[in-house]
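Q: I have just opened this one and have not seen it before. Can you walk me through it?

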Amino acid sequence: MKTKVLLFSLFAVTLFAIGTVITTLFNTAPTTREVIWMFYTSTFFSVFGIFFFVFYAINYARFRAVPAWQSTMSSFRYSAILGLLVSLLLLLSANSALNFAIGSAVVIGLFILELLWRRRGQVKLKI
């Protein structure tokens, strides 16, 4: 049941975020700080949702059934990291601050974040 709730929630958030991105893109002059942050936040959520559903579909095809919760959370983690990567690279590129060194540092930093997130998610049983 929690998988259905997660899928419905992410689908609704993703649709809302895609609509916000499209609306913000058609805004002729987004000069206020709130509109710019809304664009990057909604870009993160839309990319996050799209990647999550792609990873979930791959896991669904691999298991030929509803994937296990651990596999669903792995898809959640990977899509959050990829969404953050795309949003950060867009933000840096829009401010003309993106070059190879900064891009590499962002990728390495997000790789370290993923490793830390994975390690924190593991629970050791003490008997």
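What follows is a short chat about the fold, one helix, two residues and a surface patch.

A: This is a predicted model, where local features need pLDDT of at least 70, side-chain atom pairs count only at pLDDT 80 or more, and totals for chains, interfaces and linings use all residues. Residues are numbered from 1 along each chain as its sequence is written, and side-chain values use heavy atoms, with hydrogens and water left out.

Q: How many helices and strands are there?
A: The chain has 4 helices and 0 strands, in the order α-α-α-α along the sequence. Helices (H or I, at least four residues) and strands (E, at least two) are DSSP runs, numbered from the N terminus.

Q: What does the C-alpha trace span?
A: About 55 × 35 × 25 Å along the principal axes of the chain.

Q: How much of the chain is buried?
A: Buried residues are 28% of the 127 in the chain. Buried means under 20% relative accessible area, exposed over 50%, and partly exposed in between, with a 1.4 Å probe and protein chains only.

Q: What about α1, how far apart are its end C-alpha atoms?
A: They are 34 Å apart, which agrees with the 34 Å expected for the 24 residues of α1 (residues 2-25) at 1.5 Å a residue. The expected span is 1.5 Å times one less than the number of residues.

Q: Which residues of α1 are buried?
A: T3, L6, L10, T14, A17, T20, V21 and T24. Their cover includes α2 (33-63) and α3 (69-94).

Q: Take T3, what does it touch?
A: Leaving out residues up to four places away in sequence, T3 touches Y56, V66 and W69; contact means heavy atoms within 4.5 Å. T3 counts as buried because its relative accessible area is 14%.

Q: And S79, buried or exposed?
A: S79, in helix α3, is buried, with a relative accessible area of 0%. Beyond residues up to four places away in sequence, S79 touches F48, F51, F52 and F55. A polar atom of the S79 side chain lies 3.0 Å from the backbone oxygen of F76.

Q: Switching to the surface, which residues form the nonpolar patch?
A: I108, F111, I112, L115 and L116 form it. Patches take residues with over 30% relative accessible area and no salt bridge (a side-chain nitrogen of Lys or Arg within 4 Å of a carboxyl oxygen of Asp or Glu); like charges are joined within 9 Å, and nonpolar side chains (Val, Leu, Ile, Met, Phe, Trp, Tyr) within 5 Å.

Q: Where does L116 lie?
A: In helix α4 (residues 100-121). L116 is exposed, at 54% relative accessible area.

Methods: Accessible areas come from the Shrake-Rupley method with a 1.4 Å probe; for residues, only the protein chains shown count as cover. A polar contact is a pair of N or O atoms within 3.5 Å; within protein, one must be able to donate a hydrogen and the other to accept it, and residues adjacent in sequence count only if both atoms are side-chain atoms.
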